[in-house]
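I am opening a notebook on a structure that is new to me. My plan is to look up a few places one after another and to write down what I find.

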Amino acid sequence: MSATEISSRPADQATPSLPRPGRTRVNLGFSRFSGLYVGAVIIAIFSVWVPSVFLTRQTLISLVSDEAVTAILALGLLFTLAAGAFDLSIGQNVGVSALITATLSTVAEWDPWLSALVAIVCCTIVGLVNGLLVARVGINSLIATLGMTSVLLALSQVISDQQFRGPVPDGFRALTAWQPLGIPAIAIYAIVLAFLAWYVLEHTPFGRKMYATGASPEAAFLSGVRTSRYLLLSFVFSGFAAGVAGVLLTSKIGSIGPTIGPSYLLPCFAACFLGTTQIKPGKFNVWGTLIAIGLLATGVKGLQLVGGQQWITDAFNGVALIGAVSIAVVASRRAAAGRRRNGARAQ
């Protein structure tokens, strides 16, 4: 099963019927931006519940800074999902990137910037191998990237020797330590990458062919799109994003543990699928994903501030992922039913 089959992408391609004026207003006001309304409700609830700790600048900075790595990973994941595939190795890949950067710059005493470059290159190569396995060999993306996850887990244990690596030099930590206008630098990097990803996916022939590959590989191939190439490149982008995220994560926290990567996997997938309900319903898109990340992060942070246990993060993201996929499946079925009705009327 591909990402396309799980998402509600067909709803985005359905031939629309003429909507009633009132219905159009509701769709534009809620269906596409429901995350903003729900987020506002969540903010209001926690503002009343724990105003002394929730409504603070420190909480906002912490939330934005913490979610920047997740946002960068989700942007990379969007490329594989748009191409109709899954990259389950992206979480462990970011952990490998962080460990390579920290280990080379401390244990091996390499220049930290060279260590970061090596980490990004290694993670990009991991993405390339994933792409070759899926696009050239023909292995299902779930199986290929699940196997790669196990390989990367073993590699993480070898690199770290089951120990924390760090702290990295202060000069390297300065990469994410500065806050222009009070905005964490790592959040600025994430926004810049978001604009680049949005432009590539939405406003270039490359992006349109990527979406076409995920929407209908057979039709895209018959139209002249080299689908295997775009599928392969989607994994390369995913690996590159994991490498960059790992480097920034190392700069941000300084010391890296051997199990840091997997915790990012679920939030990334939850954000990407929840993002298909925003801005462009039924389609993996950058701004919908960022709205979803903000919504999930706000809910988790609020629950943590009122005394929620550590497991609340995984539970919240898991429920959000199940809910987002459920909404996507239902929307897809309704769109298919609508196309059948329109076809019957045309006959």
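In which helix is the place of Thr 59? I found Thr 59 in helix H6, where helices are DSSP runs of H or I with at least four residues, numbered from the N terminus. Before going on I noted that this is a predicted model, in which local features need pLDDT of at least 70 and side-chain atom pairs count only at pLDDT 80 or more, while totals for chains, interfaces and linings use all residues. I also noted that residues are numbered from 1 along each chain as its sequence is written, and that side-chain values use heavy atoms, with hydrogens and water left out.

I then asked whether Thr 59 is buried or exposed. Thr 59 counts as buried because its relative accessibility is 11%; buried means under 20% relative accessible area, exposed over 50% and partly exposed in between, with a 1.4 Å probe and protein chains only. Apart from neighbours within four places in sequence, I listed Val 53, Phe 54, Lys 301 and Leu 305 as contacts of Thr 59, a contact being heavy atoms within 4.5 Å.

Next I looked up the largest nonpolar core, which has 80 residues (a set of buried Ala, Val, Leu, Ile, Met, Phe, Trp, Tyr and Cys residues joined through side-chain atoms within 4.5 Å). Helix H6, residues 57-82, gives the most to this core, with 12 residues. Leu 73, Leu 81, Met 210 and Phe 273 have the most contacts inside the core. For Met 210, leaving out residues up to four places away in sequence, I wrote down Phe 79, Ala 82, Ala 83, Leu 201, Tyr 230 and Ser 234 as residues that it touches.

Phe 273 led me to helix H15, where Phe 273 is among the buried residues. In H15, residues 265-275, 9 of the 11 residues are buried, so this helix is largely enclosed by the rest of the structure.

Cys 268 is another buried residue of H15, with a relative accessible area of 0%. How many disulfides does the structure hold? I found 0, taking a disulfide as a pair of cysteine sulfur atoms within 2.5 Å. Cys 268 is in no disulfide, and the nearest cysteine sulfur, in Cys 272, is 6.6 Å away. Why is Cys 122 not bonded to Cys 123? The two sulfurs are 6.8 Å apart, which is too far for a bond, although Cys 123 holds the closest cysteine sulfur. Cys 122 is partly exposed, at 32% relative accessible area.

Definitions and conventions
Helix = DSSP H or I, 4+ residues; strand = E, 2+ residues; numbered from the N terminus.
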